[in-house]
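Biologist: Please take me through one part of this model closely. I would like the sheet, what packs on it, and the pockets around it.

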Amino acid sequence: MENKLPTSDPDFVESLIPQKFPFVMVNSITEFSENHLISGFEIKKDNIFVQDTIFQASGLLEHQAQSVALHTGYKYHLLGKETPTGYIGAIKTFETEVLPKIGDVLITEINILSEIMGVTLVNASTKLNDKIISTSQMKTVIK
């Protein structure tokens with residue numbers, strides 16, 4: 001399987017996360033390092049978090065969490081291991097300024113603050129047209 005970045009190959013990107021259609025909220029990965037990832041997501045009209053053409057805050061939060069999962073999945077891919085299942089363990093903060101709409105492309109930056117025994121603490125920021133529209137800090141837990 002191809003692993004060169006950036007990529008928006010849907011089969012490859014989806015293989016890196018445990019979620020499956022229709023619950024996939026990431027569709028590209030442009031940068032990766034041990035403590036950093038940039039993901040993307042184009043909002044389609046059939047998305048389960050779209051209501052009256054607007055992508056809901058819960059979808060933004062899920063997109064950020066799946067971006068964390070994408071970081072973990074890509075790291076495991078590079079190690080030749082199977083993608084683990086993970087969960088949101090806690091949400092410390094979540095703020096959003098704007099709710100995006102159908103056709104918008106979200107770009108999310110994940111910064112790993114710490115990773116100990118399967119628990120990852122991250123800061124996430126999501127941009128729309130180069131403007132930050134949402135931030136969060138959360139813990140994720142690998143099963």
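Modeller: Strands β7 and β8 pair in the antiparallel sense. Their pairing runs over 10 bridges. β7 covers residues 119–128, and β8 covers residues 131–142. One pair of facing residues is easy to find: Thr126 stands opposite Ser134 in β8. Bear in mind that this is a predicted model.

Helix α2, residues 57–78, packs on the sheet. The helix touches β7 and β8. Its contacts also take in β1, β2 (36–42), β5 and β6 (105–116). Against the direction of β8, the direction of α2 makes an angle of about 55°.

Now the sheet as a whole. Six strands make it up, and the sheet is open. Read across, the order is β1-β2-β6-β7-β8-β5. The pairing is antiparallel. At the edges sit β1 (28–33) and β5 (86–96), each of which pairs on one side only. Between neighbouring strands the turn averages 20°, with direction ignored.

Next, the pockets. Start with the second largest, since α2 and β8 come up again there. α2, β5 and β8 each supply at least two residues of its lining. The largest share comes from α2, with six residues. In total, 18 residues line this second largest pocket. Nearest its centre lie Ala65, Ala69, Gly86, Tyr87 and Thr140. The space in this pocket is about 210 Å³. By class, its lining divides into nine nonpolar residues, eight polar and one charged.

The largest pocket has a volume of about 290 Å³. Its lining counts 16 residues. Closest to the centre of the largest pocket are Phe21, Val24, Asn27, Phe41 and Lys44. Two elements, α1 (10–15) and β2, each supply at least two lining residues. α1 gives the most, with three residues. The classes here are nine nonpolar, three polar and four charged.

Put the two linings side by side. Nine nonpolar residues line the largest pocket, and nine nonpolar residues line the second largest. The charged count is four in the largest pocket and one in the second largest. For polar residues, the largest pocket has three, while the second largest has eight.

To go back to the strands: β2 lies between β1 and β6 in the sheet order, is touched by α2, and supplies residues to the lining of the largest pocket. β8 lies between β7 and β5, is also touched by α2, and supplies residues to the lining of the second largest pocket.

Conventions:
Residues are numbered from 1 along each chain as its sequence is written. This is a predicted model: local features need pLDDT of at least 70, side-chain atom pairs count only at pLDDT 80 or more; totals for chains, interfaces and linings use all residues. Side-chain values use heavy atoms; hydrogens and water are left out. Two strands pair if DSSP finds at least two bridges between them. Helices (H or I, at least four residues) and strands (E, at least two) are DSSP runs, numbered from the N terminus. Axes are lines fitted to C-alpha atoms, for helices over the stretch in contact, and angles run from 0 to 180 degrees between N-to-C directions. Contact means heavy atoms within 4.5 Å. On a 1 Å grid over the protein atoms alone, a cavity is a set of points where a 1.4 Å probe fits but cannot get out, and a pocket is an open set with protein on both sides within 12 Å along at least five of seven lines; lining residues have an atom within 4 Å of a point. Grid points are joined across faces, edges and corners, and a volume is the space filled by probe spheres set on the points. Ala, Val, Leu, Ile, Met, Phe, Trp, Tyr, Cys and Pro count as nonpolar, Asp, Glu, Lys and Arg as charged, and the others, Gly among them, as polar.
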